[in-house]
Amino acid sequence: DSGLDTFDKLFTIAVNDLNEGPTGLSLSTDNIDENSPVGTVIGTLSALDPDAGTTFTFVELDDPDDKFQIGGLNNDELQVGGLLDFETVISHQVTLQVIDNGDPGLTYDSTFTIILNDLNEGPTDILLSNTSIDENSSVGTVIGTLSAIDPDAGTTFTFAEIVDLYVILIIGCRRNDEFQFGGLLAFENAQ
């Protein structure tokens with residue numbers, strides 16, 4: 001009023017809690033051994049959200065190579081969902097989304113690069129460049145050259161002695177990849 005008298009009153013203002021969306025999505029591990037079986041856990045998913053007590057749902061948005069799946073007891077694990085072969089591709093990308101339990105449920109997306117660990121895979125075949133030798137050939141005659149097939153590029157091989165029912169053949173007298181005749185062989189005795 002004009003007499004400069006004042007009146008004070010304290011008001012209580014209620015602040016309505018609104019759902020704020022997740023602010024982060026993380027994966028505990030981003031690498032896995034190649035050839036791991038389907039269902040193998042790559043890592044556990046977790047999310048950040050400013051709202052206390054929020055629960056989350058995780059979904060796969062984009063998996064161009066179809067290599068992953070969401071699973072686990074709480075559906076919070078990124079798992080192997082298809083064959084992972086380091087020799088074909090050394091990493092894969094997957095985009096995941098977290099949805100909070102607010103009303104409405106809000107989301108946060110993140111793309112992860114999953115790196116494959118290269119494992120040593122054994123040879124899948126042994127090849128011999130020649131599979132015949134003339135009878136009565138002298139000891140040490142090279143029959144052929146050994147080679148091997150292995151999915152791992154750049155692999156070197158060591159070949160070991162072989163004992164045959166008819167004759168002992170020695171590998172590696174001069175070079176480890178030579179297959180040499182190691183005894184007297186008559187065609188008539190080898191039948």
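This report walks through a predicted model, from its overall make-up to a few local spots.

**Overall picture**

The protein has 13 strands and zero helices, so there is little to say about the order of elements along the sequence beyond β-β-β-β-β-β-β-β-β-β-β-β-β. Of its 191 residues, 30% are buried. Take the contacts between residues at least 6 apart in sequence: 61% of them join residues at least 24 apart. The accessible surface comes to about 12500 Å², and carbon and sulfur atoms account for 52% of that.

**Around β6**

Strand β6 (residues 77–80) is a handy place to start looking at pairing. On one hand, β6 runs antiparallel to β3 (residues 41–48), with three bridges joining them. On the other, β5 and β6 are also antiparallel, joined by four bridges. Gln79 shows up in both pairings: Val41 has Gln79 as its bridge partner in β6, and Gln69 stands opposite Gln79 as well.

The hairpin of β5 and β6 has five residues between the strands. Gly72 in this hairpin takes a positive phi near 95°. Asn75, in the loop between β5 and β6, has a positive phi too, about 50°, although it is not a glycine.

**A buried lysine**

Now for Lys67, which sits in the loop between β4 (56–62) and β5 (68–71). Is Lys67 buried or exposed, and what is the nearest side chain of opposite charge? Lys67 is buried, and that nearest side chain is Asp65, 6.9 Å away. A salt bridge needs a side-chain nitrogen within 4 Å of a carboxyl oxygen, so at 6.9 Å Asp65 does not make one with Lys67. Setting aside neighbours within four places in sequence, Lys67 is in contact with Gln79, Val80, Gly81, Gly82, Leu83, Leu84 and His92. Gln79 is thus worth a second look, as it is also the β6 partner of Val41.

Asp66 is found in the loop between β4 and β5 too. Asp66 counts as exposed, because its relative accessibility of 57% is over the 50% mark. Its phi is near 55°, a positive value in a residue other than glycine.

**Backbone oddities**

Most residues other than glycine have a negative phi, and most peptide bonds are trans. Against that background, here are the two non-glycine residues discussed above, side by side.

| Residue | Loop | Phi | Relative accessibility |
|---|---|---|---|
| Asp66 | between β4 and β5 | near 55° | 57%, exposed |
| Asn75 | between β5 and β6 | about 50° | 44%, partly exposed |

There is a cis peptide bond to point out as well: the one from Asp103 to Pro104, with omega near 5°. Pro104 lies in the loop between β7 (91–100) and β8 (107–117).

**The aromatic pair**

How many aromatic pairs does a search of the whole structure find? It finds one. The partners are Phe56 and Phe58, with ring centres 6.4 Å apart and planes at 40°, so the pair is tilted. That angle falls between the limits of 30 degrees for stacked and 60 for edge-to-face, which is why neither of those labels fits. As for cover, Phe56 is partly exposed, with a relative accessible area of 25%, whereas Phe58 counts as buried at 9%. The dividing value is 20%, so the two rings' residues land in separate classes.

Note on methods. Residues numbered from 1 in each chain as written. Predicted model: local features only at pLDDT ≥ 70, side-chain atom pairs only at ≥ 80, totals over all residues. Heavy atoms only, no water. Helix = DSSP H or I, 4+ residues; strand = E, 2+ residues; numbered from the N terminus. Buried < 20%, exposed > 50% of the residue type's maximum accessible area, 1.4 Å probe, protein only. Lys, Arg positive; Asp, Glu negative; His and termini not counted. Contact = heavy atoms within 4.5 Å. Phe/Tyr/Trp six-rings, centres within 6.5 Å; stacked < 30°, edge-to-face > 60°. Areas by Shrake-Rupley, 256 points an atom, 1.4 Å probe, with all protein chains shown as cover. Pairing = 2+ DSSP bridges.
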